[in-house]
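Subject: Two-chain model, handed over with notes

Dear colleague,

Please find below the structure I promised to pass on to you. My notes on what was found in it follow directly after, and I would be glad if you read them with the coordinates open.

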Amino acid sequence: MKKINTLIAGTFAVVAALSSCQRGHDDAGLEYAPNMYNSVGYEPYTQIEKNPINADGKNMREPVAGTVSRRNYKTQFDSSSVDLMIYHIGKDELATAEAVLKNPVPNTAKTLAEGKALYGRYCQHCHGETGAGDGPVADMYKGVPNYKADAYLNMNDGHIFHVITHGKGRMWAHGSQVTPEERWKIAHYIHKLQKG
Amino acid sequence: MKSSLFFKKMRNISRLLVVAMLTTVGFSAVAQDGDAANGESLFNNNCKACHSAKDEVVVGPGLKDIQKRRDLAWLVKWVKNPNGVIQSGDEYAVALYNKFNKAQMTAFPAFGETEVKDIVAYIEKANTAVAAAPAAAGATAAAGGVAAESSDLFTYILVALLLVMLLVLGVLLAIVSILSKAVSGEVGAGDGGSFGDKLRNGLVAMSKNSAIRSATVWFFVLMVTKATLDGLYGVGIQQGYAPKQPIAFSHKLHAGQYKIDCNYCHTGVNRGKSATIPSANICMNCHGVIKKESPEIQKIYSAIEENKPIQWVRVHNLPDLAYFNHAQHVNVGGLQCQQCHGEIQTMEVVQQRSTLTMGWCIDCHRKTDVNTKENAYYDKLVQLHAEKSDKPLKVADIGGLECSKCHY
């Protein structure tokens, strides 16, 4: 009699103990053979231990000083092929950019659709869906212009390209996020927004 | 003494009167000159981004009482060509330019005297309307009450649940006593004893019955086996993992409330294997201006100053033996981030929502149709597939289940 009672009580305790074993959110749980999880080769964004070869202990290495990224080298557009070379017009030379630059990307329906998608990714949260400067972040950020306002109605491609690359006023530089090709496509789409 | 006090009071009152008279004169004068309605639309389209109609600084100075600070001719000259006014050496303009960190105002060459007058009229109107604003504050206070009510509701629900559980307990006890009576066959046995005695007698009678005994033992054996197997299957699965990050970044705020696209920060997601974690300069695109003083954002500043990367804790980790590429899934496959990562835009702390097991990958590859529309690359594949099968082309049909696609 007693045995059975103990048996039942014991099983209860085991079940209760097992089911309460849910791990906390900070615990990744048990890994079988962790060396299969942690890459032997150097992976981006994974570093388990200090790197003995690089002086700073990081796996990642900075590019050699003076390296220039040419993200759109030999870029092809519909029929024409253009090299979107390094952009070397300085931050303060907006007027030069306005005068010199021409949009190498043909203005087609496809370009506009791509421009719209890119605008949605990189611009819309501040500049707003219609370019009225009423995106959800603009209230907090302040100083976001309306593309349809007189002062912005006639911005040309060079102006837009330069401002995306280097920023202007309160807007910071977005050149590291948006490739030259993408900037030209966005410029086409902004012209569409200017016209409303 | 007394007389001097009296004079002081009189002087104060007369001063007040003069100020009041001046302001009314000012208002009526401008109200006659400018069209405030037109001014409002001009202001909202051209000025509002950088200037407040009140006295707070947005980007440039607040424009309240601008008509008292500057005369109309100066304002028109300034609005038409701010740079020209600064270049001409105008003392006020140069001081203003230096005060606002040499940020130059956009020129509005199309604006003339009429436009500036209209805008000034609107600014004055906006400031006279301020007095009426406090009445609206009552409404916001009422909104605060709703939040308090909802927490009350939570307590009520808890109490109700507790009551239901007590009821269930009562019913269970009743069932036990009825069953025990039925098993022992002694209707009314232990009638005279206390409730505890009854319960004990009932359980003893039940445990004597071999059928009930073995059923209970089997039940628990099965339960324990299931729990053990579940535990073993869970080895290496990190679903639910939500580690604390070095900076308390909230996706709920950035992606949810402010609707910043995932791509804005995770720029690699369309281009390469890794979605990429944003470098500090992307944080600075906004936080160079917004919320600079917050201690969490100060951590980004010190990371930049010390030139040390922020050591985020990796949440989603595939074993080294499996290859995964974001661009292939997001750019080519057109998947939404949420399909694998869950409702990221509602997460205060990012949590791994999917299991990331091989079964989970394969399951999706079997179910998902390939988007072959308007893509010449797939034309022949679709044609060949249509000859053999009448079902749509799935990822599995174009090699989505081949071992060496992911394991090599």
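A residue is called buried here if 20 or more other C-beta atoms lie within 10 Å of its own, exposed if 12 or fewer do, and partly exposed in between. By that criterion, buried residues make up 24% of the 196 residues in chain A, and 14% of the 408 residues of chain B count as buried. Please keep in mind throughout that this is a predicted model.

Chain A contains eight helices and two strands, and its elements, read from the N terminus, follow the order α-β-β-α-α-α-α-α-α-α. Chain B has 19 helices and zero strands. If one takes the contacts in chain A between residues at least 6 apart in sequence, 55% of them join residues at least 24 apart; for chain B, with the contacts chosen by the same separation of at least 6, the share joining residues at least 24 apart is 63%.

The domain assignment divides chain B into domain 1 (34-132), domain 2 (154-233) and domain 3 (358-408). Between domain 1 of chain B and domain 2 of chain B, the C-alpha centres are 80 Å apart.

Turning to how the chains meet, 47 residues of chain A are in contact with 52 residues of chain B. On the side of chain A that touches chain B, at least two residues each are supplied by α1 (2-19), α3, α5 (138-141) and α6 (150-153) of chain A, and the largest share, seven residues, comes from α1(A). Sorted by class, this side of chain A comprises 24 nonpolar, 16 polar and seven charged residues.

The largest nonpolar core has 51 residues, and those with the most contacts inside it are A:I186, A:I190 and B:I119. Helices of both chains feed into this core: α3 (109-122), α7 (157-166) and α8 (180-195) of chain A, together with α2 (36-47), α4 (72-80), α7 (113-128) and α12 (262-265) of chain B, each supply at least two of its residues. As for B:I119, once its neighbours within four places in sequence are left aside, this residue is in contact with B:G39, B:L42, B:F43 and B:C47.

Two helix pairs deserve a description of their own, one in each chain. In chain A, α3(A) and α8(A) pack at an angle of about 95 degrees, with their axes 8 Å apart, which means that α3(A) is roughly perpendicular to α8(A). On the side of α3(A), the contact is made by A:T111, A:L112, A:E114, A:G115, A:K116, A:L118 and A:Y119, and on the side of α8(A) by A:E182, A:K185, A:I186, A:H188, A:Y189 and A:K192. The residues of this contact divide into five nonpolar, three polar and five charged.

In chain B, the axes of α4(B) and α7(B) come within 10 Å and cross at roughly 110 degrees. Since angles of 65 to 115 degrees count as roughly perpendicular, α4(B) and α7(B) are therefore roughly perpendicular to each other. Here B:L72, B:L75, B:V76 and B:V79 in α4(B) meet B:E113, B:V116 and B:K117 in α7(B), so that, by class, the contact of α4(B) with α7(B) has five nonpolar, no polar and two charged residues.Finally, a few loop residues may be worth a look. Most residues other than glycine have a negative phi. A:K142, however, has a positive phi near 70 degrees and is not a glycine; A:K142 is placed in the loop between α5 and α6 of chain A, and counts as partly exposed because it has 19 C-beta neighbours inside 10 Å. B:D65 likewise has a positive phi, of about 60 degrees, although it is not a glycine. B:D65 lies in the loop between α2 and α3 (66-69) of chain B, and with 15 other C-beta atoms within 10 Å it is partly exposed. B:F100, for its part, is found in the loop between α6 (91-99) and α7 of chain B, and counts as partly exposed with 15 C-beta neighbours inside 10 Å. The C-alpha atoms of B:F100 and B:V57, which are 43 residues apart along the chain, are separated by 9.9 Å.

With best regards

Methods. Residues are numbered from 1 along each chain as its sequence is written. Chains are lettered from A and ligands numbered from 1 in the order in which they are written. This is a predicted model: local features need pLDDT of at least 70, side-chain atom pairs count only at pLDDT 80 or more; totals for chains, interfaces and linings use all residues. Domain bounds come from an automatic or database domain assignment. A nonpolar core is a set of buried Ala, Val, Leu, Ile, Met, Phe, Trp, Tyr and Cys residues joined through C-beta atoms within 7 Å. Helices (H or I, at least four residues) and strands (E, at least two) are DSSP runs, numbered from the N terminus. Two residues are in contact if their C-beta atoms, placed from the backbone, lie within 7 Å. Ala, Val, Leu, Ile, Met, Phe, Trp, Tyr, Cys and Pro count as nonpolar, Asp, Glu, Lys and Arg as charged, and the others, Gly among them, as polar. Axes are lines fitted to C-alpha atoms, for helices over the stretch in contact, and angles run from 0 to 180 degrees between N-to-C directions. Angles under 35 degrees count as roughly parallel, over 145 as roughly antiparallel, 65 to 115 as roughly perpendicular and the rest as oblique.
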